[in-house]
Amino acid sequence: MIIKLKNNASASQLETLKEILRANNIEPHISSGHLETIIGCVGDIAHIDPGLIEALDIVESVQRIQEPYKAANRKFHPDDSVIDCSGVKIGGGAFSVIAGPCSVESEEQIVYCAKAVKEAGATMLRGGAFKPRTSPYAFQGLGEEGIRLLNLAKKETGLPIVTELMDFKDIECFNDVDVIQIGARNMQNFNLLKEVGAYTKKPILLKRGMSATIQELLMSAEYIIASGNPNVILCERGIRTFETALRNTLDLGVVTLLHRLSHLPVVIDPSHATGHSWMVDSIAVAATAIGADGLIIEVHNDPPRAKCDGAQSQTPKMFAETMKKISSVRNAIANW
Ligand code: PEP
Ligand code: MN
């Protein structure tokens, strides 16, 4: 349910209304936009009579939200959410490029990649330390040591770091991590979503599950927000379809759709979406042009020897070329 307030509502009247809602076990979320102030109500509203709320002096209107996601809903929060990732903003017109290798492999590798992507204009560094691999025999990531190396690269470059959490038991290793990634395979690990949402308000990069609908993605975001962390960034990385020509099927239309349905920023991952480094450039350009709030791109110093996802990893040189194009697309769309 959302409650639109009249423009002349005073602070004390607002407090009284919040108390009424809380007395009914409803948590009010205030969203003060430039045009209007609304209260998003989360909780069991079945026993509340909207007519009674509407009758209050300060209330303009009351509307029920039909969709099962409430806090992630654009109706609940009409303005774009701008997520602060240790000083780097994303959403609401702020665009950010996260780049780096699929996995952290060594100090030399991650520091080299961090410097190279920063030089090309990336604003955050990615690198997996705890890796979800299809095969138990494949490289599983350096774990805690990988996070230590990411922190070294952060010290060298100043880039905030983004890395995946697979198991809540590892959360203490993430103290100095700036953005916590929840990967596609864990998008519906509801316990993990609840635990991480209750534990931290750090930004969460939530990747769409490989067979998840848009509504399921938004419900997973809802889990994190409902647990206490509103700082969710949605990431589309392609899904499984009948088509096997590419690693995944990317529907860029979801950027426009998610922006309509939700206030959360939307990032595109052209690397996992295609599986081919030679395709990353054009998809990154298209994602930028359609209005994505950011990109996450795999970049490796020596892709043929990468321990994970070499085929889809750009070299620093390819990445620098892509960044030039992205920058000119950003300039072009700023004038639309
Ligand atoms: C990754 O970012 O390296 C990764 C494993 O991504 P996804 O969860 O989208 O497969
Ligand atoms: Mn990868």
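This report describes the overall fold, the metal site and the internal spaces of a predicted model.

**The chain as a whole**

The secondary structure of the chain consists of ten helices and 14 strands. The radius of gyration of the chain is 21 Å, close to the 20 Å that the globule rule gives for 336 residues, so the chain is as compact as a globular protein of that length. Taken along the principal axes, the C-alpha atoms of the chain fill a box of roughly 65 × 45 × 45 Å. Of the 336 residues, 51% count as buried. Among the contacts in the chain with a separation of 6 or more, 68% are between residues 24 or more positions apart.

**The manganese site**

Which residues coordinate the manganese ion (ligand 2)? Four residues do so: Cys 102 through SG, His 272 through NE2, Glu 298 through OE and Asp 309 through OD, at 2.1 to 2.4 Å. Along the chain, these donors of the manganese ion follow the spacing C-x169-H-x25-E-x10-D. The pair Cys 102 and His 272 links distant parts of the chain, for the two residues are 170 residues apart. Cys 102 lies in the loop between strand 7 (96-100) and helix 3 (107-120), whereas His 272 belongs to helix 8 (residues 270-274).

Are Cys 102 and His 272 buried or exposed? A residue counts as buried when its relative accessible area is under 20%. Cys 102 has a relative accessible area of 2%, so Cys 102 is buried. For His 272 the value is 9%, and therefore His 272 is buried.

**Pockets and cavities**

The table lists the volumes and the classes of the lining residues.

| Space | Volume | Nonpolar residues | Polar residues | Charged residues |
|---|---|---|---|---|
| Largest pocket | about 320 Å³ | five | five | ten |
| Second largest pocket | about 160 Å³ | seven | six | no charged residues |
| Largest cavity | about 40 Å³ | two | six | three |
| Second largest cavity | about 30 Å³ | two | four | three |

The largest pocket has a volume of about 320 Å³. Of the 20 residues that line this pocket, Pro 132, Arg 185, Arg 237, Arg 247 and His 272 are the closest to its centre. His 272 is also one of the residues that coordinate the manganese ion.

The second largest pocket is lined by 13 residues, and those nearest its centre are His 29, Ala 71, His 77, Pro 230 and His 263. Strand 2 (residues 27-32) supplies three residues, the largest share of this lining. The lining of the second largest pocket includes no charged residues, while that of the largest pocket has ten.

The structure also holds two cavities of 30 Å³ or more. Residues lining the largest cavity include Arg 74, Asp 80, His 259, His 263 and Asp 293. Of these, His 263 has already been named among the residues nearest the centre of the second largest pocket.

Which residues line the second largest cavity? They are Cys 102, Arg 126, Gly 127, Gly 128, Lys 131, Val 162, Thr 163, Glu 164 and Gln 181. The largest share of this lining, three residues, comes from strand 9 (residues 161-164). Cys 102 thus appears both in the lining of the second largest cavity and among the residues that coordinate the manganese ion.

Technical notes: Residues are numbered from 1 along each chain as its sequence is written. Chains are lettered from A and ligands numbered from 1 in the order in which they are written. This is a predicted model: local features need pLDDT of at least 70, side-chain atom pairs count only at pLDDT 80 or more; totals for chains, interfaces and linings use all residues. Side-chain values use heavy atoms; hydrogens and water are left out. Donors are N, O and S atoms within 2.8 Å of the metal (3.2 Å for Na, K and Ca); water is not among the atoms, so sites may look incomplete. Helices (H or I, at least four residues) and strands (E, at least two) are DSSP runs, numbered from the N terminus. Buried means under 20% relative accessible area, exposed over 50%, partly exposed in between (1.4 Å probe, protein chains only). On a 1 Å grid over the protein atoms alone, a cavity is a set of points where a 1.4 Å probe fits but cannot get out, and a pocket is an open set with protein on both sides within 12 Å along at least five of seven lines; lining residues have an atom within 4 Å of a point. Grid points are joined across faces, edges and corners, and a volume is the space filled by probe spheres set on the points. Ala, Val, Leu, Ile, Met, Phe, Trp, Tyr, Cys and Pro count as nonpolar, Asp, Glu, Lys and Arg as charged, and the others, Gly among them, as polar. The radius of gyration is taken over C-alpha atoms; the globule rule is 2.2 Å times the number of residues to the power 0.38. Contact means heavy atoms within 4.5 Å.
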